[in-house]
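The following note is meant for a colleague who is meeting this structure for the first time. Please read the numbered points alongside the sequence and the model.

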2 protein chains.
Amino acid sequence: MALNDVELCDEHAVHIKLVNKINHEMPEDDDLYDLAELFKVFGDSTRIKILFALFESEMCVCDIAETLGMTQSAISHQLKILKQSKLVSNRREGKSIIYFLADDHVRTIIDQGMNHIKE
Amino acid sequence: MALNDVELCDEHAVHIKLVNKINHEMPEDDDLYDLAELFKVFGDSTRIKILFALFESEMCVCDIAETLGMTQSAISHQLKILKQSKLVSNRREGKSIIYFLADDHVRTIIDQGMNHIKE
DNA sequence: TAAACATATGAACAGATATTCATATGTATA
DNA sequence: TATACATATGAATATCTGTTCATATGTTTA
């Protein structure tokens with residue numbers, strides 16, 4: 001749909017200033033997209049579980065898989081997504097790769113989410 | 001995959017206590033699911049844009065559609081999802097239905113997300 | 001260095017999801 | 001009360017996403 005083709009309420013003349021103001025305050029499309037992508041990462045219960053596990057302790061992939069009762073492959077795929085979003089980091093220790101939380105935003109965001117659903 | 005069928009690292013004997021501890025601290029499945037569902041709602045740029053619009057002012061459906069340059073139907077579908085998650089509420093005013101933010105968790109959660117992507 | 005171990009990865013499939021289109025519902029107005 | 005207006009909704013479709021399976025990569029150890 002073209003931009004000059006959008007639907008308008010009858011009261012459009014009254015609201016046009018509001019629409020313009022809001023579009024002026026709206027963040028850049030890139031930021032909005034990145035933000036949605038970030039929340040998308042939190043929007044899967046497997047990844048949420050992995051993050052909760054890492055709240056308690058850093059862990060190797062195998063132990064995360066065991067904790068969640070899922071295959072190593074499934075966990076590894078999800079860890080890749082969490083790492084790409086910079087929510088977790090990892091380091092090698094011998095044969096194992098240890099994953100841990102990248103920073104404390106993760107906790108804050110999840111805590112706020114918990115507050116919301118607990119009401 | 002059955003629970004007694006999970007893969008175990010060779011070092012399993014060392015880590016079994018950690019796994020048990022983490023499973024003990026892990027929130028209930030229902031809560032984990034609800035939490036993921038909540039973040040899923042934030043994980044779409046159309047819905048993120050609607051929320052940013054409502055940060056500035058309550059609005060009727062038609063004006064939201066115009067602001068975002070999208071159809072009334074698409075916006076209405078998304079508003080339904082936002083309302084089901086209790087992120088927005090609405091009231092009727094004559095022919096229009098006015099949507100507004102339900103509470104302040106929304107701002108906090110989105111602000112934290114912004115902090116993360118802005119680093 | 002060959003074998004075992006730990007993890008990563010690509011392809012494929014099944015299930016979920018956002019938008020569109022047509023239309024229904026509810027409200028105001030001529 | 002017929003018509004226009006504002007919004008909601010169901011079905012259909014195209015796209016996206018999580019898991020599985022098979023296998024590749026990289027490390028340790030016998």
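Why does B:Lys86 count as exposed? The first point takes up this matter.

1. B:Lys86 is exposed because its relative accessible area is 58%, where exposed means over 50%, buried under 20% and partly exposed in between, with a 1.4 Å probe and protein chains only. The residue belongs to the loop that joins helix 5 to strand 2 (88–93) in chain B. Although B:Lys86 is not a glycine, its phi is positive, at about 60°.

2. On conventions: this is a predicted model, in which local features need pLDDT of at least 70 and side-chain atom pairs count only at pLDDT 80 or more, while totals for chains, interfaces and linings use all residues. Residues are numbered from 1 along each chain as its sequence is written, chains are lettered from A and ligands numbered from 1 in the order in which they are written, and side-chain values use heavy atoms, with hydrogens and water left out.

3. Chain A contains 6 helices and 3 strands; these are DSSP runs numbered from the N terminus, helices being H or I of at least four residues and strands E of at least two. Their order from the N terminus is α-α-α-β-α-α-β-β-α. Of its 119 residues, 46% count as buried.

4. In chain A, A:Lys86 sits in the loop between helix 5 and strand 2 (88–93). Its phi is near 60°, a positive value in a residue other than glycine, and its relative accessible area of 60% makes A:Lys86 exposed. A:Gln84, which is part of helix 5 of chain A, is also exposed, at 57% relative accessibility.

5. The surface near DNA strand D (near meaning that a residue has a heavy atom within 4 Å) holds 28 residues, of which A:Thr46, A:Arg47, A:Ser73, B:Ser73 and B:Tyr99 come nearest. Of the strand D atoms within 4 Å of the protein, 66% belong to sugar and phosphate.

6. Several polar contacts, that is, pairs of N or O atoms within 3.5 Å, involve DNA strand D. Phosphate oxygens of this strand lie 3.3 Å from a polar side-chain atom of A:Thr71 and 2.9 Å from a backbone N or O atom of B:Cys62. A side-chain N or O atom of B:His77 is 2.8 Å from a base oxygen of strand D. Two or more residues of this surface come from each of helix 3 (45–56) and helix 5 (72–84) of chain A, and helix 4 (61–68), helix 5 (72–84) and strand 3 (96–101) of chain B.

7. Around DNA strand C there are 28 residues, and the nearest are A:Ser73, A:Ser76, A:Tyr99, B:Thr46 and B:Ser73. Here sugar and phosphate make up 69% of the strand C atoms that come within 4 Å of the protein. A base oxygen of strand C lies 2.8 Å from a polar side-chain atom of A:His77, and a phosphate oxygen is 3.4 Å from a side-chain N or O atom of B:Thr71. A polar backbone atom of B:Gly94 is 3.4 Å from a sugar or linking oxygen of this strand.

8. The two chains also meet through helices. The axes of helix 2 (residues 29–42) of chain A and helix 3 of chain B come within 9 Å and cross at roughly 115°; axes are lines fitted to C-alpha atoms over the stretch in contact, with angles from 0 to 180 degrees between N-to-C directions. These two helices are therefore roughly perpendicular, a term for angles of 65 to 115 degrees.

Notes. A polar contact is a pair of N or O atoms within 3.5 Å; within protein, one must be able to donate a hydrogen and the other to accept it, and residues adjacent in sequence count only if both atoms are side-chain atoms. Angles under 35 degrees count as roughly parallel, over 145 as roughly antiparallel, 65 to 115 as roughly perpendicular and the rest as oblique.
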